[in-house]
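I am opening a notebook on this structure. My plan is to look up a few spots and write down what I find.

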Amino acid sequence: MTAPSPASAPRRVRTTCPYCAVQCNFELTIENNLPVKASPVKDCPVAHGTVCKKGLAALNDLRHDERLTAPLLRVNGELVAVSWTVALDYLRSALRPLAQATPERIGVFGSGALTNEKTYLLGKLARVALRTPNIDYNGRYCMSSASAALNKTFGFDRGLGFPLEEVGHSDLILLFGANIAETLPPMMQYLKAAKDRGAIIYNIDPRATVTAKVAGRHLGIRAGSDAALALGILRLLEVWGKILPTAPAENMEAVLDAARQYTPGRVAYLCGISEDEVLILARAYAAARRPLILTGRGAEQHAHGTDTVQALINLSFLAGHFGKPGAGYAPLTGQGNGQGGREHGQKNDQLPGARHLANPIDRAHMAAFWNMAEADLPQPGYSAQELLNACGQSAEQGGIEALIVLGSNPVVSAAGAGQITERLKSLKHLIVIDVLPSETARLATLVLPGSMWCEEDGTTTNLEGRVQRRRKAAEVPGLAREDWQILCLIAEAVGRPEGFEYADFAELQTEFLRSTAGGKADYSGLSAQQLDAGSAQWPIPASGQPSPHAYAPPYRHVGGQARLRVPEVPSRVSSGLTLTTGRHANQYQSGTQTRRNPGLKASFEVQLHPDTAREYGLKAGEAVTLKTAHGELTLPVAFAPGLRPDTVFIPFHWPGANALTDPELLDPHSKMPAFKTTAVTLWPVRVNVPEARRSEKEALSYGL
Ligand code: SF4
């Protein structure tokens, strides 16, 4: 009898989920060198052994039939498999002349799903090797409004300012546009803990989502009216003598003065609810000892999203709740490494450690760290949507000639996706690094096969600023390479390999951790060995103690005070139908992985209130065409009694959804497109869509 091969003996590797910002820990079972099963682990410091269906099904894509395993080059209009030698020749001829003469003609587009190390390396590639100012990432579409408001007010941004455990100690939780039960399911255990202690939870959203059912209270305000509600509550707090600021701050009187115009009647009109509902909510907020305001993308993805978050920060700060455990304000980060991904240099204005590219001290520090002249370090460039809008335009128009995309799919996720698709087609060079043939990869002139989450080492930072280890459990297939190695090959191809010749990943990781020393997001007290021992919330300086409480005074601005701002709030509300977009529990972002996953079924349909459907003579399952100023799309109708009758909802994971949104209308502070409010008209098609194509029958797991 032959003894079993050592290669087939099962082993286990602990790592983190590829998807959302909870960053649940899994144990992967490895058989024959491939992970075959993901199991939750009870001592996960975030999810405590609960996970959601997406995480458990993530391995299904690892060896998917469509997995990219060789470089693909466009030849005579077709993508054909080529060797790395041919791929590198292409990179050399496409990028080297631009990097030498007109580096601003190269764009780089990253992702909030990248590990911290890849985020760092992508930013370094853009600034040090390519020398382009034009790098940004898809987190611009996710968290940027909340991040901008926190940075303006406190001088930094760490998402949730305290450990998730403390949510359970809040006595009032207001969820503005945050569908936690479907987007961050294990977090429901913390809401449940608060509820079991007697907390009141409101879901404030144009849709009564699954979260609203669990919360028990739903306030169905108009999409985009969250700031008016915050101002109305602030005004009532002042009337009731409840202004007790957290600490001295700039502009307090101006903020209170602006709120005085927001009477309950005006707020009720703007929000599309009753005056009684405004008063009841304001009384609950005034009476609470530890009220916590949390926002999701529903409150943030607007042309005035930064000001909406500002209004909520102002309210919480002036009522004295910032910095208290389990109270205050926090955004709920969406993508797996949405937090770390916005700290370490892939944003257009940022250097590692959440340093600012326009700050002379930060510039000098990083130029010295990278051994380059400060004058050679580019200044801030285009934000994500501006970068995509510039693709294919001429040099005189400030256009981009070559775009490198790492792990992102803007053909599906960008605002005005129809227009963006045409812009990407007009590029001379579109170089996409990915693991599956996304809609963007299909337009590429060169596709480079990269690594999946469990094929690489690294760290991620979750929605509470907790840094955790991601561990490699398998090798990349075929000719694929780990993403960090591909970035180093690009640096070599453009003729600037210095600083990209790492002996191994550990050397890159050590450099990344060192680069953050002294920055706002300081991880320099960590090493791979310390991460093996457990996780910690930043800042984690090399000397001194980590601090789990981020938003207690004094703040990072000169003088140590918070800088409150008077929010600009739109005064007019559309009288027609408003299209709003959002998530489906079984899908993630542009769906490149989850739409292919047989374990994650979901349907693409438009949700209408039954009264709205009746007005148009539409039955469930019939097709309707949605028309906006930017595009049109035909979908089957699903009835949603919990949706406002003036609101139309579609999920955004499928091609076509974002073709309906506006590519030009951006928040002036965060450059976030106005995904959540687009004027729409309905045109019934009178075709029935089969039941099998329109129903989502599968039960959801909420980690309760
Ligand atoms: Fe992954 Fe988020 Fe699901 Fe956890 S909740 S398993 S991190 S997708």
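Which residue just after α18 takes a positive phi? I looked, and Gly495 does, with a phi of about 85 degrees. Before going on, I note that this is a predicted model.

**Entry 1: helix α18**

I stayed with the helix before that glycine. Helix α18 covers residues 483-493. How many of its 11 residues are buried? I find nine, so the helix is largely enclosed by the rest of the structure. The buried ones are Asp483, Trp484, Ile486, Leu487, Cys488, Leu489, Ile490, Ala491 and Ala493.

Next I asked what these buried residues pack against. I found three helices, α2 (84-101), α3 (116-130) and α19 (505-515). I also found the strands β16, β17 and β18.

**Entry 2: strand β17**

I moved to one of those strands. Strand β17 spans residues 429-434, and six of its six residues are buried. I therefore call β17 largely enclosed by the rest of the structure.

Then I checked the faces. In a regular strand the side chains alternate between the two faces of the sheet. On one side of β17 I see His429, Ile431 and Ile433. On the other I see Leu430, Val432 and Asp434. All are buried, and both faces are covered.

Which strands pair with β17? I looked up β16 and β18. Strand β16 (residues 402-406) pairs with β17 in the parallel sense, over five bridges. There, Leu406 stands opposite Ile433. Strand β18 (residues 446-449) also runs parallel to β17, and four bridges join them. In β18, Leu446 is the bridge partner of Ile431.

**Entry 3: around the ligand**

Which residues surround the ligand? I list Cys17, Tyr19, Cys20, Gln23, Cys24, Phe26, Val51, Cys52, Lys54, Gly55, Pro185 and Pro186. I sorted this shell by type and got nine nonpolar residues, two polar and one charged.

**Entry 4: salt bridges**

I searched the whole structure for salt bridges and got 35. I looked up three of them in detail.

The side chains of Arg342 and Asp157 meet at 2.6 Å, N to O. This pair links distant parts of the chain, 185 residues apart. Arg342 sits in the loop between β13 (328-331) and β14 (350-351). Asp157 sits in the loop between α4 (144-154) and β8 (172-176). Are the two buried or exposed? Both Arg342 and Asp157 are buried.

Asp196 and Lys192 form another bridge, with their closest N and O atoms 3.4 Å apart. Both lie in helix α6 (residues 188-196), four residues apart, about one turn of the helix. An α-helix has 3.6 residues a turn, so residues three or four places apart point the same way. Asp196 is exposed, with a relative accessible area of 59%. Lys192 counts as partly exposed, at 39% relative accessibility.

The third bridge joins the side chains of Arg222 and Asp646, at 3.5 Å, N to O. Arg222 lies in the loop between β10 (216-219) and α8 (226-239), and Asp646 in the loop between β26 (632-639) and β27 (647-651), so the pair ties together parts that are 424 residues apart in sequence.

I also noted a network. Glu238, Glu253, Asp257 and Arg260 are joined into one by salt bridges that share partners.

**Entry 5: aromatic pairs**

I counted 18 aromatic pairs. The ring centres of Phe317 and Tyr555 are 6.3 Å apart and the planes are at 55 degrees, so I log the pair as tilted. Phe317 is in helix α13 (residues 305-318). Tyr555 is in the loop between β21 (536-537) and β22 (562-563), 238 residues apart from Phe317. Phe317 is buried, with a relative accessible area of 0%. Tyr555 is buried too, at 7%.

My last pair goes back to α18. The ring centres of Trp484 and Tyr502 are 6.5 Å apart, with the planes at 70 degrees. Why do I log it as edge-to-face? The cut-off for that class is over 60 degrees, and the planes here are at 70, so the pair qualifies. Trp484 lies in α18 and Tyr502 in the loop between α18 and α19. Trp484 counts as buried at 9% relative accessibility, and Tyr502 does at 11%.

Finally, I looked for a cluster. Phe154, Phe156, Phe317, Phe322, Trp538, Tyr551 and Tyr555 form one aromatic cluster.

Note on methods. Residues numbered from 1 in each chain as written. Predicted model: local features only at pLDDT ≥ 70, side-chain atom pairs only at ≥ 80, totals over all residues. Heavy atoms only, no water. Buried < 20%, exposed > 50% of the residue type's maximum accessible area, 1.4 Å probe, protein only. Helix = DSSP H or I, 4+ residues; strand = E, 2+ residues; numbered from the N terminus. Pairing = 2+ DSSP bridges. Near = heavy atom within 4 Å. Nonpolar A, V, L, I, M, F, W, Y, C, P; charged D, E, K, R; others polar. Contact = heavy atoms within 4.5 Å. Salt bridge = Lys/Arg side-chain N within 4 Å of Asp/Glu carboxyl O. Phe/Tyr/Trp six-rings, centres within 6.5 Å; stacked < 30°, edge-to-face > 60°.
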